[in-house]
2 protein chains.
Amino acid sequence: MPNLTDYIEEYLKKLLALSTRSYVEIQRRELAGKFACVPSQINYVLDRRFTLESGYLVESKRGGGGCIRIYRIDLERMSPWREVLNSLNGEGFEPVKVRQFLRKICEDNVISKREARLLGAIIQDECYLVTGMDQVQSRKLQQKLFGEALEEILKDGC
Amino acid sequence: MPNLTDYIEEYLKKLLALSTRSYVEIQRRELAGKFACVPSQINYVLDRRFTLESGYLVESKRGGGGCIRIYRIDLERMSPWREVLNSLNGEGFEPVKVRQFLRKICEDNVISKREARLLGAIIQDECYLVTGMDQVQSRKLQQKLFGEALEEILKDGC
DNA sequence: ATACTGAAGGTCAGAGAAGGTCAAAGAAAT
DNA sequence: ATTTCTTTGACCTTCTCTGACCTTCAGTAT
């Protein structure tokens, strides 16, 4: 017995399938209207059903003329990142390991040397020392920033 | 979903691209007429889309026969570039301004689109919220990380 | 010269139009 | 009975657009 979230998910995935591009653009208010629900329901659906792990990526712009853009990322583009992607949610996000990983995918030409160095800069522990955060917090932030950066890479070429 | 501001921006940039000189001259009143909006809308567009950080310079003359002149700043004329970089590295580190700057050096092919987006990810305020740092601290860290990352990119002899 | 006048452009605060967040209530699953 | 998933609504942030009021300047009348 499908619920609202299921219907909205299905609708959006259909839109994506029909689109010639790798993304679709919607307006939150309008979509909420179509399904007779509150706008924040749309955010819920996006949070739950259009996650990075499941191969989707969401961007938005506020203000007059704002919109939400949903990208579909194909598996090939995702696969080189699988390993590090897993470490982004749970434990096991270790700068040292990530660096090794970066070297590897750089050799595999998934990213450029410059990009590898840029990503490396994000996870330099020394930068975080001055803030007075404890290590747990720093790790969390590194993890978050790295994740965001990764999204930008996956978005690319879409 | 472009809005009025987007259209006016596009129009002006097209004018600039077509111009043989490095600037264009417009009349606020007349331009507002063309887009059926109030004159101050033009100021808004200029404030938001034609800043120094994004590589433009705006001059104006009031009174009878007044006009607005918009210059496109060329990276070759290094001086403004340096100025901006310095201001970014000094006190006034503001992600909004930095983003405009990124857009410009991207347009000028100093960095790739992907790199611009990666650098943009580093300075997203939302990421830093979870850490419980105050804004001053977050800014400092953003600035540090951004600086390191940018260096890694430019090291490479762009 | 001096003062007036009208035609520019500038500023700023407030309304409006998006989308975001979060906690709490309600429903479904285990 | 408890946990997890869904739905809702109040409140927030960002970006855009408008209008009232201000400043500057060229030309003209005194």
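**Two protein chains around two DNA strands**

The residues of the surface near DNA strand C divide into 4 nonpolar, 15 polar and 7 charged. This surface belongs to a predicted model, and it is a convenient place from which to begin a walk through the coordinates. In total 26 residues surround DNA strand C, and the closest of them are Arg28(A), Ser40(A) and Gly66(A) from chain A, together with Arg28(B) and Gly66(B) from chain B. The elements giving two or more residues to this surface are helix H2 (28–34), helix H3 (39–49) and strand S3 (67–72) of chain A, along with helix H2 (28–34), helix H3 (39–49) and strand S3 (67–72) of chain B.

Turning to DNA strand D, one finds 27 residues surrounding it, with Leu4(A), Gly63(A), Leu4(B), Ser40(B) and Gly63(B) as the closest. Here at least two residues each are supplied by helix H1 (4–18) and H3 of chain A and by helix H1 (4–18) and H3 of chain B. When the residues of the surface near DNA strand D are sorted by class, they comprise 8 nonpolar, 14 polar and 5 charged residues.

From the DNA we can pass to the contact between the two protein chains, which takes 26 residues from chain A and 24 residues from chain B. On the side of chain B that touches chain A, helix H6 (113–122), helix H7 (125–129) and helix H8 (135–154) of chain B each supply at least two residues, and H8(B) gives the most, with 8 residues. The residues on that side of chain B divide into 13 nonpolar, 4 polar and 7 charged.

The largest nonpolar core also draws on both chains: of its 32 residues, those touching the most other members are Ile122(A), Leu119(B), Ile122(B), Phe146(B) and Ala149(B). Two or more residues of this core come from each of H6, H7 and helix H9 (135–155) in chain A, and from each of helix H5 (95–107), H6 and H8 in chain B. H8(B) gives the most to this core, with 6 residues. A second, separate core has 8 residues, among them Leu12(B), Ile42(B), Leu46(B) and Phe50(B). As a general matter, nonpolar side chains in soluble globular proteins tend to be buried together. Ala149(B) shows how the larger core crosses between the chains, since, leaving aside its neighbours within four places in sequence, Ala149(B) is in contact with Leu118(A), Ala121(A) and Ile122(A) as well as with Leu119(B) and Ile122(B).

Chain A may now be considered by itself. It contains 9 helices and 3 strands, and from the N terminus on its elements run α-β-α-α-β-β-α-α-α-α-α-α. The C-alpha trace of chain A spans about 50 × 35 × 35 Å along its principal axes, and buried residues make up 20% of the 158 residues in the chain. Among the contacts in chain A with a separation of 6 or more, residues 24 or more positions apart account for 54%.

Two helices of chain A deserve a longer look. The axes of helix H6 (residues 95–107) and helix H7 (residues 113–122) of chain A come within 10 Å and cross at roughly 170 degrees, and H6(A) and H7(A) are therefore roughly antiparallel to each other. Where they meet, Arg99(A), Leu102(A) and Cys106(A) in H6(A) face Lys113(A), Ala116(A), Leu119(A) and Gly120(A) in H7(A) as contact partners. By class, this contact of H6(A) with H7(A) has 4 nonpolar, 1 polar and 2 charged residues.

Val98(A) lies in helix H6 of chain A and counts as buried because 21 other C-beta atoms lie within 10 Å. Val98(A) and Leu119(A) are 21 residues apart in sequence, and their C-alpha atoms are 9.5 Å apart in space. With its neighbours within four places in sequence set aside, Val98(A) is in contact with Val84(A), Ile123(A) and Phe146(A).

Two loops of chain A complete the tour. Asn109(A) is found in the loop between H6 and H7 of chain A, and has a positive phi of about 60 degrees although it is not a glycine. Ala36(A) has its place in the loop between H2 and H3 of chain A, and the phi of Ala36(A), near 50 degrees, is likewise a positive value in a residue other than glycine. As for their surroundings, Asn109(A) is exposed, with 8 other C-beta atoms within 10 Å, and Ala36(A) is exposed, with 8 other C-beta atoms within 10 Å.

Conventions:
Residues are numbered from 1 along each chain as its sequence is written. Chains are lettered from A and ligands numbered from 1 in the order in which they are written. This is a predicted model: local features need pLDDT of at least 70, side-chain atom pairs count only at pLDDT 80 or more; totals for chains, interfaces and linings use all residues. Axes are lines fitted to C-alpha atoms, for helices over the stretch in contact, and angles run from 0 to 180 degrees between N-to-C directions. Helices (H or I, at least four residues) and strands (E, at least two) are DSSP runs, numbered from the N terminus. Angles under 35 degrees count as roughly parallel, over 145 as roughly antiparallel, 65 to 115 as roughly perpendicular and the rest as oblique. Two residues are in contact if their C-beta atoms, placed from the backbone, lie within 7 Å. Ala, Val, Leu, Ile, Met, Phe, Trp, Tyr, Cys and Pro count as nonpolar, Asp, Glu, Lys and Arg as charged, and the others, Gly among them, as polar. A residue is near a molecule or strand if its C-beta atom, placed from the backbone, lies within 6 Å of it. A nonpolar core is a set of buried Ala, Val, Leu, Ile, Met, Phe, Trp, Tyr and Cys residues joined through C-beta atoms within 7 Å. A residue is buried if 20 or more other C-beta atoms lie within 10 Å of its own, exposed if 12 or fewer, and partly exposed in between; C-beta atoms are placed from the backbone.
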